[in-house]
Amino acid sequence: MSLKSTATRYGSVAIAVHWTSALVILAALGGGLVMGNATDPALIRTILPFHMTLGVLALLLTLFRIAWWIWSDKRPDPVEGLPVAQEWAARIVHGLLYVLLVALVASGLATTVLSGALPALLSGAPLPDFDLVPPRAAHGIFAWVLIALLVFHIGAALYHQFIRRDRLLARMGLGS
């Protein structure tokens, strides 16, 4: 498999970044959901450093992916026979995913900085009440919007694979 994409298939770099990003984002969202429902400060203190690290990694992967598309690679051609509305929907959802990931990490970093969470984590001091920091509300909203977009994205991929049977997932390295 080529490092770069062809007209019909994504290259190994794009595939690796996509699936690595998917795992990182799902783990970060899972950690965020656990922390959002946790009442035990020790559990939050345990999960928060991993959540923050995964968030920064998701941002770096997203920025790398955007740079890769701009300077080094091209996307495969649209699936043959795809209605124009579906092609546009796919472009819009992908664009929103990128924008939302950047906004989610930015709001998380702003929450961390404004709350003083990092010094508290490093010193062992009690964690601040994140709900008192304005970017925290945006962070939560962005997370739920991201979850909705991911459900839509995954649903569309499954629709293509099992209803349209156009082997769209093979372009992203699943199947032949």
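Tyr 159 sits in helix α5. This is a predicted model, so keep that in mind throughout. Is Tyr 159 buried, exposed or partly exposed? Partly exposed, with a relative accessible area of 34%. A patch needs residues with over 30% relative accessible area, and Tyr 159 has 34%. Which residues join Tyr 159 in its patch? They are Ile 154, Leu 158, Phe 162 and Ile 163. Together with Tyr 159 they make a nonpolar surface patch of about 500 Å².

Next, the loop after that helix. Helix α5 spans 134-164, and Arg 165 lies in the loop between α5 and α6. Look at the backbone of Arg 165. Its phi is positive, about 55 degrees, although Arg 165 is not a glycine. The residue is exposed, and its relative accessible area is 63%. The cut-off for exposed is over 50%, so Arg 165, at 63%, counts as exposed.

Now Arg 167. Where is Arg 167 placed? In the loop between α5 and α6. Phi of Arg 167 is positive too, near 55 degrees, and again the residue is not a glycine. What is the relative accessible area of Arg 167? It is 48%, and Arg 167 is partly exposed. Partly exposed runs from 20% up to 50%, so Arg 167, at 48%, falls in that class.

On to Gly 173. Helix α6 covers 168-171, and Gly 173 is in the segment after that helix. Gly 173 is partly exposed, at a relative accessible area of 35%. What does Gly 173 touch, leaving out residues up to four places away in sequence? Arg 9 and Ile 15. Take Ile 15. Along the chain, Gly 173 and Ile 15 are 158 residues apart. In space, their C-alpha atoms are separated by 6.4 Å.

Last stop, Leu 121. Leu 121 belongs to helix α4, residues 117-123. Buried or exposed? Buried, with a relative accessible area of 16%. Buried means under 20%, so Leu 121 qualifies at 16%. Which residues contact Leu 121, setting aside neighbours within four places in sequence? Arg 45, Leu 48, Pro 49, Met 52 and Leu 127. One distance for Leu 121 as well. Its C-alpha atom and that of Gly 32 are separated by 16 Å. Those two residues are 89 residues apart along the chain.

To recap: Leu 121 is buried, Arg 165 is exposed, and Tyr 159 is partly exposed.

Technical notes. Residues are numbered from 1 along each chain as its sequence is written. This is a predicted model: local features need pLDDT of at least 70, side-chain atom pairs count only at pLDDT 80 or more; totals for chains, interfaces and linings use all residues. Side-chain values use heavy atoms; hydrogens and water are left out. Helices (H or I, at least four residues) and strands (E, at least two) are DSSP runs, numbered from the N terminus. Buried means under 20% relative accessible area, exposed over 50%, partly exposed in between (1.4 Å probe, protein chains only). Contact means heavy atoms within 4.5 Å. Patches are made of residues with over 30% relative accessible area and no salt bridge: like charges are joined within 9 Å, nonpolar side chains (Val, Leu, Ile, Met, Phe, Trp, Tyr) within 5 Å. Accessible areas come from the Shrake-Rupley method with a 1.4 Å probe; for residues, only the protein chains shown count as cover. A salt bridge is a side-chain nitrogen of Lys or Arg within 4 Å of a carboxyl oxygen of Asp or Glu.
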